[in-house]
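Me: I've got a structure to go through with you. Can we start with a pocket, then go to the overall picture?

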Amino acid sequence: MKVLVPVKRVIDYNVRPRVKPDQTGVDLANVKMAMNPFDEISVEEAVRMKEKGIATEIVIVSIGPAQAQETIRVGLAMGGDRGILVQTDERVEPLAVAKILKAIVEQEKADLVIAGKQAIDDDNNQTGQMLAALLDWPQGTFASAVAKDGDKLKVTREVDGGLQTISLDMPAVVTTDLRLNEPRFASLPNIMKAKKKEIAMKTPADYGVDTAARLSVVKVTEPKKREAGEKVADVDTLIAKLKSVGAI
Ligand code: AMP
């Protein structure tokens, strides 16, 4: 079974994002970038499948700038077999990402796509679902457990108020949630080995996909600053205060 894992290069989750003074977006100059955390979970899941003998090959794909090669290398050091970088300096919206991934899935004859549930930069939570729709494949989103069950895939989903277990026909698209696994750190020997693994360099045009933006960002602003809290003397004062602001 060939597994395709799309990984996005995003602002590192430890970095506090700064909005550009002209409010057109987040300032990425000299900011630490890293693999989207949900995509690390996807790579880990694919590697575990390979270790169990379920997956035979793991292809790591990124759509982004030349530096996204580093992101792919992280996936290769964790256990991916080879990479594909679809190079572009434009901001690519989920539908265009999904169209490119569809073309790669078809070219590679992949049996399973494991994507993250969302990229933490734009918080779209769309790409996996759009890809499943374009391919007309079943999808198991927000996965907190994935298991091969004969020729089907059993996916436990984190839904409001509990867990839902579904059985998917293969091929399929899975998107990963936080509790699926704890991604491994790549060992130094594996980081060295990953340097020799192949990364194919492509462009969106190679897949006939127009990446022109359909959406325009009107404005990006900092979140409102939290106001300082206040200590009250006792429960009665607390209740009176809550009543006075209409909170209870
Ligand atoms: P989104 O729909 O943008 O929140 O992203 C959901 C998932 O789609 C991510 O976790 C990635 O697995 C994949 N994805 C989105 N954008 C890209 C990209 N530019 N390159 C590779 N994978 C991507």
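Reply: Sure. This is a predicted model. Take the second largest pocket: β3 (33–35), α1 (37–51) and α2 (68–78) each put at least two residues into its lining.

Me: Which element gives the most to that lining?

Reply: α2 does, with five residues.

Me: What volume does the second largest pocket have?

Reply: About 570 Å³. Its lining counts 22 residues. Closest to the pocket centre are A34, M35, E40, V74 and F185.

Me: OK, switching to the whole chain. How many helices and strands are there?

Reply: Six helices and 11 strands. The chain has 248 residues. Its C-alpha atoms fill a box of roughly 65 × 45 × 40 Å along the principal axes.

Me: And what share of the residues is buried?

Reply: 40% of them count as buried.

Me: What about the surface? How much area does the chain expose?

Reply: About 14,200 Å². Carbon and sulfur atoms supply 51% of that exposed area.

Me: Now contacts. Of those with a separation of 6 or more, what percentage comes from residues 24 or more positions apart?

Reply: 72% of them.

Me: Last topic, charges. How many positive and negative side chains are there?

Reply: 36 positive and 36 negative.

Me: How far apart do the centres of the two sets lie?

Reply: The centre of the positive set and the centre of the negative set are 2 Å apart.

Conventions
Residues numbered from 1 in each chain as written. Predicted model: local features only at pLDDT ≥ 70, side-chain atom pairs only at ≥ 80, totals over all residues. Heavy atoms only, no water. Helix = DSSP H or I, 4+ residues; strand = E, 2+ residues; numbered from the N terminus. Buried < 20%, exposed > 50% of the residue type's maximum accessible area, 1.4 Å probe, protein only. Contact = heavy atoms within 4.5 Å. Areas by Shrake-Rupley, 256 points an atom, 1.4 Å probe, with all protein chains shown as cover. Lys, Arg positive; Asp, Glu negative; His and termini not counted. Charge placed at Lys NZ, Arg CZ, Asp CG, Glu CD. 1 Å grid on protein atoms, 1.4 Å probe; cavity = no way out; pocket = protein on both sides within 12 Å on 5 of 7 lines; lining within 4 Å. Points joined across faces, edges and corners; volume = space filled by probe spheres on them.
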